[in-house]
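Let's take a walk through this chain together, starting from its interior and working outwards to a few individual residues. Have the sequence and the 3D view ready.

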Amino acid sequence: MLQALRDELLALDGEAGRRRDAPWLPLWERLLRRIDGLMGHLEREDEPLLVVVAGGTGAGKSTLANTLAGSAVATTSARRPTTEVPTVIGRPAELDSVLRRGVLAAEAQRASLHTAPLESVPAGLVIVDALDVDSVETANRDITERLLEVADVWVWLATARTYADEAGMAYLRQAARLDVFTLVVLTQASEAEAAEILPDLNEKLAAVEHRAVETLHLPTAEIDDERLPDAVAAPVLERIRALAPPEQRATHRERTVLGAVRYLPTEIDALLEAIATEQTAVRRLVKAVDAGYTDLDGQLLGELQAGEPLRHEILRRWNDLVGSGWLQRQLNAAADYLSRRWLRWLPWPGSGRGGQHVAEEAEEHARERIATALRRVLDSAAAEVESAWQQDQAGHALFTRHDQPRAAGRVARREAAERLVADWERQVAEHVDTIGRSRLRWARRATTGVNATLTTAVLVLFTLGGGFGLTGAEVLVTAAGSTTTQTLLSRLLGEHNVEQLLKDIREDLQHRVEGLAEEDARAYRDLLAAAAPPPDAVAALQHRRDALEERD
């Protein structure tokens with residue numbers, strides 16, 4: 001059961017969470033430590049009982065540890081905090097057991113531990129003089145909390161001044177929830193003060209429903225060699241030593257394990273709640289990405305409202321197909337009917353500077369116009385996403401740890417836009433070629449009239465360009481042409497072919513733009529990919545939590 005729970009916790013992708021400093025990570029790490037400690041207890045029943053001496057600043061923890069050890073192994077002084085690293089006291093072989101492969105093994109790797117191997121310590125006990133839980137050093141508090149999480153017994157020291165403080169009571173409530181045996185020792189109090197304080201302290205412990213707690217008074221006495229006189233400390237020392245016999249160790253270890261297992265659903269709930277908060281934040285940021293990159297192909301077509309690049313491209317392909325020289329002769333014949341200034345805007349091959357040069361110029365112009373418009377649309381989408389993220393607490397936090405894709409040049413890239421347009425251009429050529437080759441003879445035969453030639457050319461520009469609207473010159477040319485332009489174009493390409501060609505090249509452009517938009521959006525989605533654990537892993541953890549509660 002515990003191994004399965006551990007595996008499910010690891011499936012939450014904790015390593016990725018560590019890299020991004022996920023808000024749920026401390027709860028995740030605490031739960032893993034708890035499970036590792038429980039598994040260690042179950043696997044090594046003969047391991048010494050871990051007794052952690054903890055409490056607030058100046059409560060006398062190190063003095064008690066020295067008294068228990070019979071030697072000044074822990075530093076005491078008026079400076080706060082005095083103890084800079086935890087001191088672990090025990091028989092040499094038993095110290096080796098807990099530090100190399102027991103419940104303190106991970107802590108020994110994480111932080112420095114001062115060890116005091118002494119044969120005078122009762123067999124079966126390892127005592128830890130912990131750091132102050134109210135230390136001004138946050139790291140000190142973190143170390144002590146980790147030690148308390150794996151302790152079999154708490155020896156909690158409280159002074160007459162601090163015994164009822166909320167900070168200390170919060171830890172004692174945690175001991176009650178875990179059902180860990182706790183010996184609360186009142187220090188720095190006279191007999192009269194202890195007679196008044198201990199009943200009140202017992203009431204407070206009963207109020208938090210601590211079922212395994214005892215209270216003792218450690219009288220104030222003269223300190224010699226950083227230790228209390230044995231006679232003064234005798235009641236406390238004897239109670240701690242009484243934990244050493246195997247049957248007592250087994251009782252307290254079983255209580256520790258069962259209490260921790262009963263509390264696991266509550267700890268999992270806290271973790272799931274923190275994960276749910278992050279998942280909600282991620283969904284907000286995903287919506288911002290979706291909104292920013294929605295309908296970019298429609299926005300691109302809006303950018304090309306004038307339609308000139310598309311019309312130039314289609315017309316150039318049509319000219320290549322039916323023969324530029326032939327079409328040029330038809331247009332020259334039309335000069336008697338229309339002023340050449342109306343036709344000057346048309347990029348006909350061979351219209352004054354050499355057909356190949358003009359065709360290449362038209363191709364370059366069309367490609368540049370579309371690529372520029374596409375980059376503008378993509379850059380606008382990226383700017384919209386990043387603005388929305390900056391205004392969101394979760395998004396802002398991501399940008400404090402990672403470069404913004406737009407500023408880093410990972411979106412709206414010039415080369416990608418130009419490559420897309422070039423690929424699309426080749427596809428347009430294939431479409432026109434595919435439809436036109438089978439109807440080339442029809443095209444030559446049907447376009448013998450001047451009006452028909454003019455009107456057909458303009459209608460190809462207009463219709464195949466997607467109906468973006470005619471320019472002033474196009475309107476004049478169209479007005480001068482035949483009134484049967486749609487019929488003529490249908491005869492040239494076939495009515496179904498005209499509709500299919502327009503549909504195909506529009507859909508092809510749409511798919512290409514959508515693909516590039518998704519590629520740019522992926523730069524933002526990648527930042528979110530590990531921002532919350534996988535849903536299936538979360539669901540598995542919820543199922544395990546429910547099973548634990550039912551078992552209890």
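Which residues have the most contacts inside the largest nonpolar core?

## The largest core

They are V52, L104, W154 and W156, and the core they belong to has 40 residues. Please keep in mind that this is a predicted model. Several elements feed the core: β1 (49-55), α5 (92-100), β4 (125-129), α7 (138-150), β5 (153-159), α8 (166-178), β6 (181-187) and α9 (191-207) each contribute at least two residues. The largest share is that of α8, with six residues. As background, nonpolar side chains tend to be buried together in soluble globular proteins.

V52 is a good place to zoom in. Setting aside neighbours within four places in sequence, V52 is in contact with V128, A130, L147, L148, A151, V153, W154 and V155. Apart from this core lies another one, of 39 residues, with V282, L374, L528 and A532 among them.

## Helix α7 and its partner α3

Two of the contacts of V52, L147 and L148, are also among the buried residues of α7. The others buried in this helix are N140, I143, T144, R146, E149 and V150. With 13 residues, α7 spans 19 Å from its first C-alpha to its last, close to the 18 Å expected at 1.5 Å a residue.

How do α3 and α7 cross, left-handed or right-handed? The crossing is right-handed. The axes of α3 (residues 25-43) and α7 come within 9 Å and cross at roughly 40°, and so α3 is oblique to α7. On the α3 side, the contact is made by R30, R33, R34, G37 and H41. On the α7 side, E145, R146, E149 and V150 take part.

## Two buried residues farther along

Now to D520, a residue of helix α22 (residues 495-529). Is D520 buried or exposed? It counts as buried because its relative accessibility is 0%. Leaving out neighbours within four places in sequence, D520 is in contact with Y293, L378, R410, V411, A412 and R413.

A531 sits in the loop between α22 and α23 (535-551). A531 counts as buried too, at 6% relative accessibility. Which residue, 253 residues apart from A531 along the chain, has its C-alpha atom 7.4 Å from that of A531? That residue is E278.

Terms used: Residues are numbered from 1 along each chain as its sequence is written. This is a predicted model: local features need pLDDT of at least 70, side-chain atom pairs count only at pLDDT 80 or more; totals for chains, interfaces and linings use all residues. Side-chain values use heavy atoms; hydrogens and water are left out. A nonpolar core is a set of buried Ala, Val, Leu, Ile, Met, Phe, Trp, Tyr and Cys residues joined through side-chain atoms within 4.5 Å. Buried means under 20% relative accessible area, exposed over 50%, partly exposed in between (1.4 Å probe, protein chains only). Helices (H or I, at least four residues) and strands (E, at least two) are DSSP runs, numbered from the N terminus. Contact means heavy atoms within 4.5 Å. The expected span of a helix is 1.5 Å times one less than its number of residues. Axes are lines fitted to C-alpha atoms, for helices over the stretch in contact, and angles run from 0 to 180 degrees between N-to-C directions. Angles under 35 degrees count as roughly parallel, over 145 as roughly antiparallel, 65 to 115 as roughly perpendicular and the rest as oblique. A crossing is left-handed if the near helix is turned anticlockwise from the far one by less than a right angle, and right-handed if clockwise.
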